[in-house]
Amino acid sequence: MRNWSKLIAISDLHIDVAGNFFQRFLGLMGRRSLHDDRALLIVPCSDIHTAFMRFPIDVVFIDRDGYIIKIVHRLRPWRFALARQAYACLELNSGAAERYQLQTGQSLLRNGMFQRPVNI
């Protein structure tokens with residue numbers, strides 16, 4: 001499977017990838033917190049929920065070309081967010097999108113484009 005975390009161009013951010021059904025289902029549920037330098041990239045993903053979460057998060061929705069199409073700041077537990085055109089989403093600690101100065105329309109990819117992961 002392709003290493004998706006190597007595609008995101010945000011320095012000092014360690015990215016875990018949820019690429020299969022079980023990982024996407026669990027997401028950040030059950031964790032007590034998320035460190036400022038950690039994130040979860042969910043691929044594919046156009047909507048998320050924060051059910052059973054204990055802390056707010058920032059959600060960055062990314063299209064297939066790697067551009068930010070929507071940012072939801074400080075999404076509290078037991079909420080829902082979606083972006084119909086999204087191909088992936090990056091879940092960050094609350095406030096991290098501002099700290100990294102992320103903006104709608106900004107490209108996050110190092111080499112241009114998301115490709116579907118291929119199992120070898």
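Within the predicted model, Ile 57 has Leu 75 of strand 5 as its bridge partner. The structure is a predicted model, in which local features require pLDDT of at least 70 and side-chain atom pairs count only at pLDDT 80 or more, whereas totals for chains, interfaces and linings use all residues. Residues are numbered from 1 along each chain as its sequence is written, and side-chain values use heavy atoms, with hydrogens and water left out.

Strand 4 (residues 57-62) pairs with strand 5 in the antiparallel sense over five bridges; two strands are taken to pair if DSSP finds at least two bridges between them. Strands (E, at least two residues) and helices (H or I, at least four residues) are DSSP runs, numbered from the N terminus. Strand 4 is also joined to strand 7, in antiparallel orientation, by six bridges. In strand 7, the bridge partner of Ile 57 is Asn 93. Strand 7 further pairs with strand 2 (residues 38-42), again in the antiparallel sense, over four bridges, and Leu 40 has Glu 91 of strand 7 as its bridge partner.

These pairings belong to an open sheet of five strands with the order 1-2-7-4-5 and mixed pairing. Strand 1 (14-18) and strand 5 (68-75) stand at the edges; each has a single partner strand, so one side of each is left without a neighbour in the sheet. Neighbouring strands of this sheet are turned by 20° against each other on average, direction ignored, with axes given by lines fitted to C-alpha atoms and angles running from 0 to 180 degrees between N-to-C directions, helices being fitted over the stretch in contact.

Six of the six residues of strand 7 (residues 88-93) are buried, so this strand is largely enclosed by the rest of the structure. Buried denotes under 20% relative accessible area, exposed over 50%, and partly exposed the range in between (1.4 Å probe, protein chains only). Asn 93, located in strand 7, is buried with a relative accessible area of 16%. Apart from neighbours within four places in sequence, Asn 93 is in contact (heavy atoms within 4.5 Å) with residues including Leu 34, His 35, Asp 36, Arg 38, Pro 56 and Arg 99.

Phe 21 lies in helix 1 (residues 21-26) and counts as exposed, at 62% relative accessibility.
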